[in-house]
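User: I'm new to this and keep tripping over the labels people use. Could you walk me through a few of them?
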Amino acid sequence: MPWPSRKRDKGAVADKKEPDAKIAKTEEETSDKEEDEKSAKPPAGSSKSGWKNWKKKESESGGEESKITYCHWLLKSEPESRLEKGVDVKFSVDDLKAQPNQTTCWDGVRNYQARNFLRSMKLGQQAFFYHSNCKEPGIVAIVKIVKEAYPDHTQFDQKDPHYDSTSRKENPKWSMVDVQFVRMTKRFIPLSEIKTHHLAHKADGGPLKDMMLFTRQRLSIQPLTQEEFDFVLSLEEEKPH
């Protein structure tokens, strides 16, 4: 029995090498616009105190300056029911926790840049599980990569809403990874709060200044630098704004 399908991509442009590739229709065209509108007016306040506290913790722990590399990830998924070609693509963190060994394949990605990010993932790397296309989007949990990229079976399943008739088994276009639940974040970290810090960091050079969640909003698979991951994770220790 196939795994439930995850949130898909449409927003980013396909690789120039494959201009005729069919990309499955998804909610990406509207969901991130809705999310951006919901977070257009971030709550009052500044991220400076949070950033200072985070930097203090870094210095106290003797942490070395982070290299500018992507070693963590943010994975978007829809926690609320939505039918796509008659199939419910809902998949919340509770759905993940209900899977055998709390593990699932992250299938159905149909955007080339997101696919390439999937192929870059390494065993053991951690990612934020992000609830998207819902009343209040944001980070709810941490997962880890337990199997590196391999062919996504849904591209060959004619009954699946993300079937791709142009993909061949001898040369599959689409990949997926397996992820396993690690833990819930100590509190829900909403998009609006992360955006507050992003806007402040754009002005003062903080770690979230270039966060892809705001520069490439529509991608459902997004890389994070160590600095970005650590800062966002530190927010779970802060009182919500």
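Analyst: Sure, let's go through some labels one by one; keep in mind that this is a predicted model.

User: What makes arginine 82 and glutamate 78 a salt bridge?
Analyst: Their closest N and O atoms sit 3.0 Å apart. The cut-off is within 4 Å, so the pair gets the label. Glu78 and Arg82 also belong to a salt-bridge network together with Glu84.

User: Why is glutamate 78 called buried?
Analyst: Buried means under 20% relative accessible area. Glutamate 78 comes in at 1%, so it counts as buried.

User: How do you know that glutamate 237 and lysine 186 form a salt bridge?
Analyst: Check the N to O distance: it's 2.5 Å. That fits within 4 Å, so salt bridge it is. Glutamate 237 lies in the segment after helix 7 and lysine 186 in strand 7, so the pair ties together parts 51 residues apart in sequence.

User: Are those two buried, partly exposed or exposed?
Analyst: Lysine 186 has 55% relative accessibility, and exposed means over 50%, so it is exposed. Glutamate 237 has 44%, which falls between the 20% and 50% cut-offs, so that one is partly exposed.

User: What makes strand 6 and strand 7 a pair?
Analyst: Pairing takes at least two bridges. Strands 6 and 7 have ten, so they pair, in the antiparallel sense. Glycine 138, for example, stands opposite proline 190 in strand 7.

User: And why does strand 4 count as paired with strand 7?
Analyst: Three bridges join them, so the at-least-two rule is met. These strands run antiparallel too, and cysteine 105 stands opposite aspartate 178 in strand 7.

Notes:
Residues are numbered from 1 along each chain as its sequence is written. This is a predicted model: local features need pLDDT of at least 70, side-chain atom pairs count only at pLDDT 80 or more; totals for chains, interfaces and linings use all residues. Side-chain values use heavy atoms; hydrogens and water are left out. Helices (H or I, at least four residues) and strands (E, at least two) are DSSP runs, numbered from the N terminus. A salt bridge is a side-chain nitrogen of Lys or Arg within 4 Å of a carboxyl oxygen of Asp or Glu. Buried means under 20% relative accessible area, exposed over 50%, partly exposed in between (1.4 Å probe, protein chains only).
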